[in-house]
Every structure is written in C-alpha cells, then in structure tokens.
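Let's take a walk through this fold, starting with the sheet and ending up among the aromatic rings. Have the viewer open as you read.

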Amino acid sequence: MLEFWPYGLKQAGAEWGDLIEMLQGFGMDLMLIGANGLIPFNARAVRSDVGWYVNLFASRNPGRAANA
C-alpha cells in the first residue's frame with residue numbers, strides 16, 4: 001500500500017510514470033483504494049495538481065511475469 005502523490009514526486013525530482021512503470025515491471029497489479037473498496041488504477045485519470053493524491057494497493061499477480 002502506498003500514497004501516490006504525483007505533485008510530490010515531481011517536487012522530489014521524480015516522474016510518477018516511472019514509479020508506475022517500475023511497479024508494473026515487478027509484476028504488480030495496481031488498484032486505487034476507495035471508500036467502496038478497490039478500483040482498477042487508470043493512469044489516464046492521474047492529475048498533477050498539488051491537492052490530488054490517492055492511496056494505491058499493489059499486489060503481485062502470480063500469472064504475470066516480472067521483468068526484474
């Protein structure tokens with residue numbers, strides 16, 4: 001589980017897309033943690049404004065080969 005804050009990553013000199021790519025490269029499935037449970041992560045919905053952040057749940061998909 002991690003807090004995903006694209007604005008904060010940018011302020012630290014990192015790109016949020018690199019983080020997502022790395023996690024997926026390790027064979028992780030990403031889900032948003034919402035009030036009603038887990039929702040599939042959609043990178044197209046990501047915003048970079050200071051007030052936008054979400055909690056993500058990353059779990060290893062045993063059927064997916066890791067690139068690591």
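What follows goes from the strands to the core and then to the ring pairs.

A word on the ground rules: this is a predicted model, so local features need pLDDT of at least 70, side-chain atom pairs count only at pLDDT 80 or more, and totals for chains, interfaces and linings use all residues. Residues are numbered from 1 along each chain as its sequence is written, and side-chain values use heavy atoms, with hydrogens and water left out.

Start with the sheet. It is an open one, with 4 strands in the order β1-β4-β2-β3 and antiparallel pairing. Strands here are DSSP runs of E with at least two residues, helices are runs of H or I with at least four, and both are numbered from the N terminus; two strands pair if DSSP finds at least two bridges between them. The edges belong to β1 and β3, each of which pairs on one side only. On average, neighbouring strands are turned by 45° against each other, direction ignored, with axes being lines fitted to C-alpha atoms. Zoom in on β1 and β4 and you'll find 3 antiparallel bridges; E3, for one, has N55 in β4 as its bridge partner.

Now for the greasy part. The largest nonpolar core (buried Ala, Val, Leu, Ile, Met, Phe, Trp, Tyr and Cys residues joined through side-chain atoms within 4.5 Å) has 11 residues, among them F4, L30, F41 and W52. Two or more residues each come from α2, β2 and β4, and β4 gives the largest share, 3 residues. Click on L30 and look at its contacts (heavy atoms within 4.5 Å): leaving aside residues up to four places away in sequence, they include I20, L23, F41 and A58.

How many aromatic pairs does a search of the whole structure find? It finds 4, where rings of Phe, Tyr and Trp (its six-membered ring) pair if their centres lie within 6.5 Å, and planes under 30 degrees apart count as stacked, over 60 as edge-to-face and the rest as tilted. F4 and W16 are edge-to-face, 6.0 Å centre to centre with 80° between the planes. That pair links strand β1 to helix α2, 12 residues apart. F4 and W52 have centres 6.4 Å apart and planes at 85°, so this pair is edge-to-face. Here F4 in β1 meets W52 in the loop between β3 and β4, 48 residues apart.

Buried or exposed, then? F4 is buried at 0% relative accessible area, W52 is buried too, and W16 is partly exposed at 22%; buried means under 20%, exposed over 50%, partly exposed in between (1.4 Å probe, protein chains only). Together with F41, these three residues form one aromatic cluster: F4, W16, F41 and W52.

Notes: Axes are lines fitted to C-alpha atoms, for helices over the stretch in contact, and angles run from 0 to 180 degrees between N-to-C directions.
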